[in-house]
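Work through the exercises below with the sequence and the 3D structure at hand. Each task is followed by a solution in steps.

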Amino acid sequence: MGNSILKKTEDISIVLCGEAGHGIQTVEQILTRLLKLSGFHIFATKEYMSRIRGGSNSTEIRVSSKRVSSLLNRIDILIPFDHAALKHVKKRISNETVILADREIIADKENNNDLNWIDVPFSRIASEIGGTIYTNILSAGIIAGLLRVGADALDHYIEQFFSPGDKNTIEKNRNAAKKGYEIAQELMNSGKIKIDVSRNADVTGEIIINGAEAVGIGAIAGGCNFISSYPMSPSTAVLTFLSRNARDFNLIAEQVEDEISAINMALGAWYAGGRAMVTTSGGGFALMEEAVGLAGMIESPMVIHLAQRPGPATGLPTRTEQGDLQLALYSGHGEFPRIIFAPGKLEDAVYLTHQAFNLADKYQIPVFILTDQYFMDSYYNMPSLNLSETRNTQYIEKTDQDYKRYRLSKNGISPRGIPGYGEGLVLADSDEHDEKGHITEDLDLRVEMVNKRLAKLIGITEEAIPPELVGREDYKSLIIGWGSTFHVICEAMENLGRTDVAFLHFKQVYPVHPGTLEYLRKAERIIMIEGNATCQFGSLVKITTGFDIKDKILKYNGIQFTVEEVTEQMKAILGQEE
Amino acid sequence: MSTERFDMGNIDMAWCPGCGNFGILKALKKALVEIDIKPEKLVIVSGIGQAAKIPHYLKTNIFNGLHGRALPPATAIKAVNPALTVIAESGDGDMYGEGGNHFIHAIRRNPDITNIIHNNMVYGLTKGQASPTSQSGFITPVQVNGTNSEPFNPIAVAISLDASFIARAFAGDYEQTKDIMKKAITHKGYSIVDILQLCVTFNKVNTYQWFKDHTYYLEDNYDPFDRTEAFKRAIEKDKFPLGIFYINPDKLCFNETLPVYSAGTTPLFRREMAIEKLVSLVNSKRAG
């Protein structure tokens, strides 16, 4: 120990950890873009406490020569901004982890000697530059230097990043970055750190987005022109994104008084010809539930982005979980059809959100996009997005004088008119209603209306997106996952390296694709992986297919599965033999 | 002028014989005809309750949503299609109780819609419990010792929040109610019309005679632009003033604050999504 030597090629995991207010997010923003522009594949994600200042938050940045898109447990380089940070990520620190820090300030007696320290006088240097607030940019400079992005490229990026702004501040940040870059060069010259991750010129021009942007882009692609929501972590970033782009895309973005107003407003928007969505999280969605039923009853399209966080109640407000699948599935009283998507890849969030608007409109039902904090806050680079696949269908029909909003039909779909377009009148009623839309207590008609609404399930199920099989068709064991765990499980599968194990990922979790049964029948052993305590998708699969999945890998401490965790737990269940 | 264009013909109505709702419906239809609103360009949004059934009794577009939730969809309907006339209409329990939060925030947001509240100071459809506007001491099957809460004063609340248009009518006075409605509907901004009415079945205290004894019309020389005077009148205890309490003609309405309408009022359903802008948005993610 104490040799402080790090030699890494291919894939490096960097973690910065400090208080809220230390500016770690700024470092994440700068490094992800700058390193991508330099030709590295990038993945970044964060975990943070529910507070504005203080605590311990961390950001992981993976820099790699090949595509990376999932959370690791391993830390190669750790930059702790304070003593608490070291404790916060303690479980992830190994003999291999190099800690770049003010050793005197950050370390304590317990762990002073058994860790791999590289002493960097952050606070002295930052103070010389203008104050400890420059520690974050100093750190960014060091990492940029270790990866040799070029001093000029760094300087240029930092200047651009802080412009327009106070000249003095820009100058000091440039100095901090420059100084960091020099420190990195010294570290490499001394042989303490040697990083050799190869670059790819094609990556430079790739796009880099996070989950919130992916949902937002998908919404715009889907013709979203109305979002009404109430801020709630971790769903707010979608509202922020659409608000920022409202002017360019003919979009009304309104922060409303509560979630009840949000979804009722969005229903009003659909009724009048808009394409509306809400973005929310557990407790906020719980408030919306009555109106999910309203969408069911008035056969209104609705798009609901539900970014999951651990509950019940306030739970862990800034953490992640896949705990609201059944909440979404059974939300709203009464019986009516719905669709639930759960993207695994960021790209999928774009396409699924786009599709959500069209399917909601086509079937006149609520469509959910189920993400979570991990998904919202994770970034990686990708070549591009195929926007030519995001065409929209216009389902609104011009009404005539005899128009009946709920005209009975075999497939359950009645042409959807809107007020003021055509000669007809458009009636929406939360009571059971007749074909026109007026209140009825004709109980035979009630049965017809229930049947009409539920008839849509046939079309919806036919259109269900099939699960994606990763691995060989002739598997013996089948891993099942859904939503945000996609990349983590894929990488764990690579680590496992077994040809007799395949992974089946569901990006549509309801209705469950009819082909699922066939996949399950073929497997000798099935393992369900879910970020919740009660195996919610497993229950749904059982209801749908009759298969009782016994092996489960579940996690519900508020942090996403790491690649190593999934690998180890799969090994434990599957054994070592192929 | 005939109200034929809004008439439903011979339909089964769920209101009790003698209900104040009939007078309000009649006044509303007449007001709409007199200001020449076409049924297909009008949307009436309501919640739940006996008053909330009113959209079913006139021929127009209706959005009869959830209890207490008429104002959010009404706001959105006007926001998405400014060419529509939008009226949110429901009872006192729906608008002031279940939907109280939306009432407050609709005033702040100031959508160009009209909010008509049937205020009979009692819950009808759930059979006679106290409403937010029930007078103190009002005895019901639930409030067996009389209501122990102070009645909600929508007029005072609205004036305190500088609402755009605030009036109170009495359903027993057809002409005046109709005239107030016409002014409210043609007013640009969020206009509130609280209509005192009888509940012949469940409210034996606030009878026709009681309202006659406990109301008076604001004088001809009353200045509805004087907010302080309006507030004084709103909190009078002995008698409820009737008429237009307050108008603030200077407030921007919600749609006027929206960037989508900075260059014209084309309804959103007639607009195309700007795919080329989306392509450049995505491309902007290449540069960092």
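**Exercise 1.** Determine how helix 1 of chain B and helix 6 of chain B are oriented to each other.

Solution. In this predicted model, the axes of helix 1 (residues 20-34) and helix 6 (residues 174-186) of chain B come within 8 Å and cross at roughly 50°. Angles of 65 to 115 degrees count as roughly perpendicular and those under 35 degrees as roughly parallel. Helix 1 of chain B and helix 6 of chain B are therefore oblique to each other. Their crossing is right-handed. On the side of helix 1 of chain B, the contact is made by B:Gly23, B:Ile24, B:Lys26, B:Ala27, B:Leu28, B:Lys30, B:Ala31 and B:Glu34. Helix 6 of chain B contributes B:Tyr174, B:Thr177, B:Lys178, B:Met181, B:Lys182 and B:Ile185. Sorted by class, this contact holds 7 nonpolar, 2 polar and 5 charged residues.

**Exercise 2.** Find which side chains of strand 8 of chain A are buried, and describe how this strand pairs with strand 1 of chain A.

Solution. In a regular strand the side chains alternate between the two faces of the sheet. Strand 8 (residues 193-196) of chain A shows such alternation: A:Ile193 and A:Ile195 point to one face and are buried. A:Lys194 and A:Asp196 point to the other face and are not buried. Strand 1 (residues 6-9) of chain A pairs with strand 8 of chain A in the parallel sense, over 4 bridges. Within strand 8 of chain A, A:Asp196 stands opposite A:Thr9.

**Exercise 3.** Give the strand order of the open sheet of 5 strands in chain A, and name its edge strands.

Solution. The order is 18-20-19-22-23, and the pairing is mixed. Strand 18 (468-470) and strand 23 (551-554) of chain A are the edge strands, since each pairs on one side only. On average, neighbouring strands of this sheet are turned by 20° against each other, direction ignored. Inside the sheet, strand 19 (residues 477-482) and strand 20 (residues 501-506) of chain A run parallel and are joined by 6 bridges. Here A:Leu478 has A:Ala502 of strand 20 as its bridge partner. Helix 17 (residues 486-496) of chain A lies across strands 18, 19, 20 and 22 of chain A, running at about 175° to strand 20.

**Exercise 4.** Describe the contact between chain A and chain B.

Solution. Chain A gives 58 residues to the contact and chain B gives 47 residues. Elements of chain A that supply two or more residues include helix 1 (24-37), helix 9 (211-221) and helix 12 (282-298). Helix 11 of chain A provides the largest share of the side of chain A that touches chain B, 9 residues. By class, this side has 32 nonpolar, 15 polar and 11 charged residues. Strand pairing also links the chains: strand 17 of chain A and strand 2 (residues 61-64) of chain B run parallel and are joined by 3 bridges. A:Asp429 stands opposite B:Asn64 in strand 2 of chain B.

**Exercise 5.** Decide whether A:Glu299 is buried or exposed, and do likewise for A:Ala313.

Solution. A:Glu299 is in the loop between helix 12 and strand 13 (302-308) of chain A. Its phi is positive, about 50°, although A:Glu299 is not a glycine. A residue is buried if 20 or more other C-beta atoms lie within 10 Å of its own, and exposed if 12 or fewer do. A:Glu299 has 23 within 10 Å, so A:Glu299 is buried. A:Ala313 lies in the loop between strand 13 and helix 13 (325-330) of chain A, with a positive phi near 50°. A:Ala313 has 7 other C-beta atoms within 10 Å and is therefore exposed.

Conventions
Residues numbered from 1 in each chain as written. Chains lettered and ligands numbered in written order. Predicted model: local features only at pLDDT ≥ 70, side-chain atom pairs only at ≥ 80, totals over all residues. Axes fitted to C-alpha atoms, helices over the stretch in contact; angles between N-to-C directions. Parallel < 35°, antiparallel > 145°, perpendicular 65-115°, else oblique. Left-handed = near helix turned anticlockwise from the far one by under 90°. Contact = placed C-beta atoms within 7 Å. Nonpolar A, V, L, I, M, F, W, Y, C, P; charged D, E, K, R; others polar. Pairing = 2+ DSSP bridges.
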